[in-house]
Amino acid sequence: MKSGLPKKSKDISRWYTRIVEIADLCDKRYPIKGMNIWRPYGLKALQQIDRLIRAEMEKTNHEEVYFPLLIPESLFKKEAEHIKGFGSEVYWVSHAGKEQLEERLLLRPTSETAMYPLFALWIRSHTDLPLKVFQLVNIFRYETKQTRAFIRVRECHFFEAHTCHEDYEGAETQIKEDIEIIKQFFKKLSLPYTLNKRPDWDKFAGAVYSIGIDALMPDGKALQLGSFHQYKENFSRPYGITYEDPNGKHVYCHQTTFGMSERLIGALILMHSDDKGLKFPPAVAPFHAVIVPIIFKEEETTILKTCSAIKIGLEQRGLRVLFDDREITPGSKYYEWELKGVPIRIEVGPRDIKKKQVTLAVRNSGRKLEVKMGEAEESINAALADYAEKLFEEATRINASQTFQALHLEDVKDKRGLIKLPWCGSEECGKACEEALDMNTLGTPIDEDPSCKNKELCSICGKPAKSWVRFARLY
Ligand code: ZN
């Protein structure tokens, strides 16, 4: 287990490739490239992420649905832009048993075209609106670039919310709510992020506009973790999603979507970790704490019993606790759970029993705390809250050191990270910046005021700038 983990600080790319497997998150040995196995430990982390998403959805009155994986070709082809965007990434099913199907079916790359014909049936009147549903499913995309666990895969765990509204304002209000959801959600992940309105040449297939959720990683590259899309009537027209307004008139709905994927796990791995391994934020950690008994022969029974009692007590108070009673040395357990990023280790030895205490070790600081047995829960909760805060501070510090703003392209040409420049809004100038920086356009900032208040000039053509625009290298 110790062998073969490069230092993250030396080679983050090789480190990432190894850590996802030796930390038991996934297994890449399945014989289809880009379709990996979720191992129990990795799946537990994913399920915590799903739990957080479901909680946010419930708070905002979205209802969970589950649509079929297969979509008939004719439904998929109804929205012309959409098919253009996804056509080359689709997996097709052409046979069932020995029969060739009359109509080909595809594995969903996303679910607009599966859901919208049904929305057209569900929605009758303005009283049926807004319709707000979501699902957590697997999607399939034939990625032709090099696959990478959680970051670029061909079968992908996916969250997608779809909403229908009476008008454009209703849909805009939804996107504002999505932005608020993201704020709450990312706080729990201790993960800083930026929101960027994509330029028109890079918006989602079929969208009026798209907003990307982009997080800057320690290697200076941005990872897109999700997006919101304003569709207006682009899908409701071809799919016939209308409602009857109070005057009896049939009106097309305005629609939005909001999606995120298992890339969130990839971001947590890259951002919250060090040479020793992962550092899961408490909200997502498969286990908040692991109990390690320090066994001496004559005290063995007492120690094991005490550990079991501590585990039960903490679990009753809502903490996720693992009692590691394997017959290997405490040192091996310390090493393994540090690598796997468990926030807190609880050590129980003869000395602790005598003093009616436990010893807590926090993953990031290595600091040890001796706390009274009856006060363990309180101390653990305080340590977890502090730990989450520290992870966020550390990530923010790393991001700040890689974020640059300048008036002139020349001043940031050699920088790596998130670059912000004034922009006239033209595709030509945007693309020129992309080429000069060897980066992608993330878009105009949504998480801060993008306006050029001081009459800044476009960093390429020198005309008055319409807004700031961000660039970064992308994963
Ligand atoms: Zn320009």
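How many nonpolar, polar and charged residues does the lining of the largest pocket have? By class, 19 residues of that lining are nonpolar, 16 are polar and 14 are charged. The structure discussed here is a predicted model, and the largest pocket is a convenient place to enter it.

The largest pocket has a volume of about 1,200 Å³. Its lining is made up of 49 residues, and those nearest the centre of the pocket are E89, R141, E143, Q224 and R263. Two or more lining residues come from each of the helix α4 (80-86) and the strands β7 (131-140), β8 (155-165), β10 (209-216), β11 (221-232), β14 (254-261) and β24. Among these, β11 gives the most, with six residues. In terms of domains, at least three residues of the lining come from domain 1 (2-272), and at least three from domain 3 (403-472).

The second largest pocket has a volume of about 390 Å³. It is lined by 24 residues, of which P192, Y193, T194, T396 and N399 lie closest to its centre. The elements that each supply at least two residues of this lining are α6 (168-188), β10, α12 (376-400), β22 (403-405) and β23. By class, the lining of the second largest pocket comprises 11 nonpolar, six polar and seven charged residues. Here too, domain 1 (2-272) and domain 3 (403-472) each contribute at least three residues to the lining. The strand β10 thus appears in both accounts: it gives two or more residues to the lining of the largest pocket and at least two to that of the second largest pocket.

The strands β23 and β24 also lead to the metal site. The zinc ion has four protein donors, the SG atoms of C424, C429, C458 and C461, lying 2.3 Å from it. Along the sequence, these donor residues follow the spacing C-x4-C-x28-C-x2-C. C424 sits in the loop between β23 (418-423) and α13 (427-437), while C461 sits in the loop between β24 (440-445) and β25 (467-474), so this pair ties together parts of the chain that are 37 residues apart in sequence. The arrangement of the donor atoms is tetrahedral because the angles they subtend around the zinc ion are 106 to 112°. As for accessibility, C424 has a relative accessible area of 12% and is therefore buried. C461, at 34% relative accessibility, counts as partly exposed.

Besides the open pockets, the structure holds two cavities of 30 Å³ or more. The largest cavity has a volume of about 50 Å³. Of its 13 lining residues, D50, H157, S261, E262 and L264 are the closest to its centre. At least two residues of the lining come from each of α2 (40-59), β8, β14 and α8 (263-271), and α2 gives the most, with four. Nine residues of this lining are nonpolar, two are polar and two are charged.

The second largest cavity holds about 30 Å³ of space. The residues lining this cavity are I53, E56, M57, F159, I181, F185, F258 and M260. Two or more of them come from each of α2, α6 and β14, with the largest share, three residues, coming from α2. By class, the lining of the second largest cavity has seven nonpolar residues, no polar ones and one charged residue. The helix α2 is therefore the main contributor to both cavities, giving the most to the lining of the largest one and the largest share to that of the second.

Some points of backbone geometry remain. Most residues other than glycine have a negative phi, and most peptide bonds are trans. Against that background, the peptide bond from L129 to P130 is cis, with omega near -5°. P130 lies in the loop between α5 (112-122) and β7, and β7 is one of the strands that line the largest pocket.

S190 is not a glycine, yet it has a positive phi of about 55°. This residue lies in the loop between α6 and β9 (194-197). S190 has a relative accessible area of 1%, so it is buried. K232, also not a glycine, has a positive phi of about 50°. K232 lies in strand β11, the element that gives the most to the lining of the largest pocket. With a relative accessible area of 35%, K232 is partly exposed.

How values were computed: Residues are numbered from 1 along each chain as its sequence is written. This is a predicted model: local features need pLDDT of at least 70, side-chain atom pairs count only at pLDDT 80 or more; totals for chains, interfaces and linings use all residues. Side-chain values use heavy atoms; hydrogens and water are left out. Donors are N, O and S atoms within 2.8 Å of the metal (3.2 Å for Na, K and Ca); water is not among the atoms, so sites may look incomplete. Four donors count as tetrahedral if all angles lie between 85 and 135 degrees; four count as square planar and six as octahedral if opposite donors are over 155 degrees apart and all others between 65 and 115; anything else is irregular. Buried means under 20% relative accessible area, exposed over 50%, partly exposed in between (1.4 Å probe, protein chains only). On a 1 Å grid over the protein atoms alone, a cavity is a set of points where a 1.4 Å probe fits but cannot get out, and a pocket is an open set with protein on both sides within 12 Å along at least five of seven lines; lining residues have an atom within 4 Å of a point. Grid points are joined across faces, edges and corners, and a volume is the space filled by probe spheres set on the points. Ala, Val, Leu, Ile, Met, Phe, Trp, Tyr, Cys and Pro count as nonpolar, Asp, Glu, Lys and Arg as charged, and the others, Gly among them, as polar. Domain bounds come from an automatic or database domain assignment.
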